Every structure is written in C-alpha cells, then in structure tokens.
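Q: Please take a close look at one part of this model, working from a single side chain outwards. Then set that part beside a few other places in the chain.

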Amino acid sequence: MINHPITALPGIGPAQAKNYRKLGIETVRDLLLAFPFRYEDYRTVRGIADLSPGETTTVQGSITSIRSRRSPRAKMMLTEATIEDATGTITAVWFHQPYIAKTLKVGDKVSLSGKIDDKFGLSIVNPQFETIRDNGPTQHTGRLVPIYSVSGKMAQKGRRNAVKNAMMALGEMKEWIPSGVIKDYDLATIAESIMALHFPEEQAPWERAMRRMKFAELLVHQIAHVKARKHIEKSDAHKVAMDLEFVKETIFNLAFDLTGAQRKASFAIMQDMENGTPMHRLLEGDVGSGKTVVAALAAGNTAFQGFQSAYMAPTEILAVQQASGLQETLGPELQIALLTNSYQEINGVAATRKEILDALVDGRVSIVVGTHALLSDDLAVPKLALVIVDEQHRFGVEQRKKLMTSRGDIVPHFLSMTATPIPRTLAMALYGDMNISILDELPPGRGEIETVLLRPSQDKEAYAMIAEKLRAGFQAYVVCPFIDMSEVSEADSVKELKLKLEKNHLRQFCIQELHGKMKAKEKDEIMGRFRKGEIDVLVATTVIEVGVNVPNATTIFIEGAERFGLAQLHQLRGRVRRSSDRATCFLHPTSMSGSTKERLEAMVKYDSGFMLAEIDLKLRGSGDRFGTRQSGLPEFQFASLSDHALIAQAREVAEKILESDPDLELEPELAAELERFLARNAPE
Ligand code: ADP
Ligand code: MG
C-alpha cells in the first residue's frame, strides 16, 4: 500500500491526484512524508459562558437550530447555527457556505474552532467544524491542527483526511537510519516521527520527531558529501599551471582594483588547480562581493593553458549575464559559448546547438556558460579542467558528480560559489569535503545603502521618493510579496501590483512585470530591456533574488516584507548595492507582529549578510518555533544553521558507516534514501 499512488486512498480520484502531484506527492509514502508547514493552535476548549470576544478558541456542544438564508443586505448566503453546552449558547455564523446547513443537523454534537465575536451577539465566525461521534478524538478542531500546502481544489480538511487514511500504511514504512544509530543517539523512529509531526498531541514528542527528521536529513547529506570526497581523493585532475603574466595582465586590464579577499581567493583557486588531485573549493561571499571576477580569472587562466571550463548558472538570466561578464573581463579573443535551452551563442553571435557542441569537441571554445542544460548527455568537453557552479545549492550533488565523473578518468577541478552566508566553522562541518574561501570585504567605493522600514500607511511617501529617483534617470525594483502555494497565482499578484502602481503612484513611468511562470526567453528579453534602461520599474517576484546585476537600478521596494526571511531580504537588497550611487531599500510590511519588527529592524541596522545570518539564528532561538521551519540552507527541509551539534554528530556517523560499508550494501534503506535525497536536490 505504501508505495501505491495516492488514488489508492478513499476519496482521491485522478483530478485530486493531479493537485497532489503539483505538490510533489505521488505515492502514499510521499503523502506521509509531506509535513504541515504550521499548526493552528485550537487546543483550548472553553465553556460558552467563559468566552470573551477576540479570542481564538474551541467550543463543543449540540446544535439546537441551523439554517441558511440569503442576506439581502450583505448579498450572500449566511448559515447560522445555535450551539448549546452546559454553560450557555452561542451562534455560529458561516458566510458563503450554504452546504453546511445540509451537512450538520439539529442534535449533532459538534466541535467548532475559530474567533469569538460579539458584533451580532455572542458568536463564532466562520469556524472550523466537525461532528463528534462517541466522544472520539477530533481532527480539525480542538487540538493542534496541521496546516498543509494545498493546490488547486484541495481543501485543508481533505488533505488532513487523506493523511489520516494514509496512516494505515504506516506499518509498512521502512526505517532508513541504521538501528544502532537510532539507539546510540536516542532518536525517534520514522513511524513515531510521522505520527507526531502530522497530529501532534504535545510539544515534547513533536520536538523529538523534529530532531530525528533533522538528523536523518543531515546524515544523508553528510553521506553524499563524504562519498563525493572519497571519490575525489582517488581521482586525477589536469594540472593547470598558473601563468603569472596572464593573471597580472588580466587584473591590470580590469576597470577596478581587486579587493584583498578577491586576490587571496583567486590565488588559492589557481594554486589548487596546479595539483593533480581535483580541487573542491567553496567560494563564499556576500551579495555584491565580486565572486564573478574571481571565477573569471580562474577560467581565463585555464583557457590560457589550453584547457576548457564549464560555468553553470542557476537561471537563464544569470547565464546570459555571466557569459557577457566573462567576455568583458577576459577579452574578445577568448571563445565563450552560451548554451541554455533558449540561447545558443558563441561570442555573442547566434549559433546552432550543433555548432557549439562541435566547437567544444575540437577545442575552439574555451569556456561554456549555461544552465543545467550543460548536463545533457551529448555534451562532450574533452579538455574540461574546471567546473564552476554559481549558487551551488541550486544544483544537486548528483549533478555535480555527473559533471565531474562522466568525462572519462579525469575529474575536473570544482569551484562552487554561494552567497549564503554560512559561518566558516559551520561551513567546514557541513561541507567538510571542500576547501573554503570567503570574500569578507565588499569592493570599495560602493555607495551607502539606506534601508527604510515603512509603516503600513507610508507606502505613498516612499513611492513619491521613487518617482523622484526615476525622474532623475535611475531605475527601481518593486518586489511582490512571497506567494503561498495556497494563494493566488504568482502571475496574478504581480499583475495586480503593477496595475496599482500604473494607476496611482508611478503613473508616468514604464512599468514591466517579471515572474517565475514566464518563459525564459520572455524573462531575458525583459531583463535585457531593463538593463538598457527602456523599462523604469520592474515589478517582480523573487526571480530577481539571485545575482541579477543592473547598476542603474538604485531603489528596491519590498511589499509584504514581513513574509520574507532575513537571508532573502538581504539577497533582494543586494540587487541595488551594485553601483556607487546612493541606493535605497524600502521595506513595507503589511503587518507588524513582535518578531517581525525585530527582524526588519535588523535589516535597517545591519548591512552584512554574515551579521544578519547570526541575528536570524538568535531571533529564532535554540530551535524552530513549534511548526515553523525556515532553514536558511536550501538543501534542507528540517535542519537549520543552528543545529551545530546535530551536524557534527551526523558527520561522525556518516564517516563511520562509510568506512566499513562504502557502498551502503548493508544498509539498503539508507542507500535508497540517499538516492531520493540526490533526486530531490536535482535541478528541475
Ligand atoms: P556577486 O559576488 O554577488 O556575484 P558580482 O561578481 O556580480 O558579485 O559583482 C558585483 C559588481 O561589483 C559587479 O558589477 C562587478 O563588476 C563589481 N566588482 C567586482 N569586484 C570589484 C572590485 N574589486 N571593485 C569594484 N567593483 C567590483
Ligand atoms: Mg553572482
């Protein structure tokens, strides 16, 4: 049963299955392992006489009347029910849900969770509801109620029921952490964890389950890395000599001086590459710290020595941008190919895919820049000596392995670049198989960036300031709130914001929308026009988060700022920290609860991604709040940067397991979980 498609569950047909598929859920097993992203706390059950307006709570009692009627004034269907318990009566009111009057009937014992109001007498408005039979346990009310991602016509209730039904298959769930490890580290089993995370009764078992899930994912992550290291240690790489003349001249021709950190990192990389053992280096640097030029030097030197490099970017926009950046740094004589699904060019001139493949084989092209299209099987780069991956987390370990190993006996040197500010000690624990370079200083001469935290009502003033900047010839980004899967589509919300700006605050300017659902060609065309200055304002989702570089854009306005994590806000702000002109970042939250304020104020106060990462850890406290997860590390669903001890333990265990059982032959379930981890972290 557990590996059956979810249509095996009662109430899930092909149409619903399609919605589940959109959430990555195909089998019963997938469903059991797709956990709620938060819980609604409906644990307090109160007598009706004790209720006070404004509180969110649960009441339980019998229905003494129920009916639906059309409210002529409000122009909608109203369902009203009277509920009675031993202490009093209350009215339950639902809007737009006439079916409820058919579902519930007089005499039913019900449990209702929601907000208490006193506008129409004592009432509970649009409550969650369910009937209680034989005093059995409640599922949608009167407890911690799980809230899941939903898609299409999928309701929370439906999803909860599906999970409950899937629990019947729990006995078939195979444990993948070796039993000795479970015992030694006192971990919850997978079955216990699934129970506790979907339908938690109490905090303690929930925390134990979280700890197990974190450990499990860290263990598999470490196994992948330790395996990769073992593989690399046994492999050979091309020895690429560093040509000091070339390096000096290239640096001399740059429009700026390298920072000390850039210089150090470049030399470390080129020295690594002089060895016959493959380099495995992580280049970490805050947004705007200038990682690209470091990579360009290494790739240029590699080309100068007669070898080839591949540069993988996470998106087409970035691939296009990096190809032209490399060309600019390294000069027009160097042959650079751009290869993505939508673009095939050599030195900026359109070419066919076949022409590029041929030019790579015969060595005319020295550097190929692309997206994961570079992983295609028909791509052969005979003198490949260096692979550069920008924003490493977007690529799976497996993809790296594929690039590194499928080209014969020689393994290319590997440089991975990331803007995720992981403290060095932690990076060493997490990516112990890599050497690490950190760009810890920003290029000089950057203008200050001012971050302004707006009150919800202050957006008009901010937009007026933006209009002034636009009139002076600068450009701006407006970022749309992060969109939950259960809400309106990305495209709609971007469009709506654009219309609002066109009608009101930014009437006289050219505004363009940009979102992830657009075709790559369309996105690039828009970015191209924005870069050329034909567009004044880009209204976008977080597609602009990673790496986009348009120095003339000096203002960013982030709508719904409370919905973003600190790391993400910092990345977004980095988009306007690219020029020497004064840049401004407006944060416009739509609500401001306690921790939101602290978080956003940290953005105003601090400019360094490393600093913000630490504050993020502190604000989140020792663990995650009950039910909210935000790891800060994209390859993790559960673990976060604060899990130092677990990371170290997982590393120990991974080393120990692989030492005696390098191919996991004794642990087939762990091997299977490793496969799934690798597949999950593969680019889409
Ligand atoms: P990131 O580390 O975010 O990838 P980039 O490599 O895109 O940063 O660099 C950001 C901008 O800073 C680019 O326009 C680049 O040309 C410029 N830049 C890089 N290094 C320096 C430097 N040492 N001095 C001045 N500007 C620099
Ligand atoms: Mg970059």
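A: Within protein, a polar contact is a pair of N or O atoms within 3.5 Å, where one must be able to donate a hydrogen and the other to accept it. The model is predicted, and the pair taken up here joins S151 to N19: a polar atom of the S151 side chain lies 3.5 Å from the backbone oxygen of N19.

S151 sits in the loop that runs between β7 (144–147) and α4 (156–166). Its relative accessibility is 9%, so S151 counts as buried. Leaving out residues up to four places away in sequence, S151 touches N19, K22 and L23. N19 therefore appears both as a residue touched by S151 and as the residue whose backbone oxygen faces the S151 side chain at 3.5 Å.

The domain assignment gives the setting. Domain 1 is made of two segments, 1–39 and 148–166, while domain 2 covers 44–142. Domain 3 spans 238–439 and domain 4 spans 449–607. Taken over C-alpha atoms, the centres of domain 1 and domain 3 are 41 Å apart.

R67, in strand β2 (residues 56–71), has a relative accessible area of 48% and is partly exposed. Apart from neighbours within four places in sequence, R67 is in contact with L78, T79, E80 and A101. A81 is 14 residues from R67 in sequence, and the two C-alpha atoms are 6.5 Å apart.

I647 belongs to helix α21 (residues 644–660) and counts as buried, at 2% relative accessibility. With residues up to four places away set aside, I647 touches L218, Q222, L426, A429, L430 and S640. From I647 to E217 the separation is 430 residues in sequence, but 9.8 Å in space between C-alpha atoms.

Helix α10 (residues 291–304) can be checked for length: at 1.5 Å a residue its 14 residues should span 20 Å, and the end C-alpha atoms are 20 Å apart, which agrees. Twelve of those 14 residues are buried, so α10 is largely enclosed by the rest of the structure. Among the buried residues are K291, V293, G300, N301 and T302. Just after α10, G306 adopts a positive phi of about 90°.

How values were computed:
Residues numbered from 1 in each chain as written. Chains lettered and ligands numbered in written order. Predicted model: local features only at pLDDT ≥ 70, side-chain atom pairs only at ≥ 80, totals over all residues. Heavy atoms only, no water. Helix = DSSP H or I, 4+ residues; strand = E, 2+ residues; numbered from the N terminus. Expected span 1.5 Å × (residues − 1). Buried < 20%, exposed > 50% of the residue type's maximum accessible area, 1.4 Å probe, protein only. Contact = heavy atoms within 4.5 Å. Domains from an automatic or database assignment.
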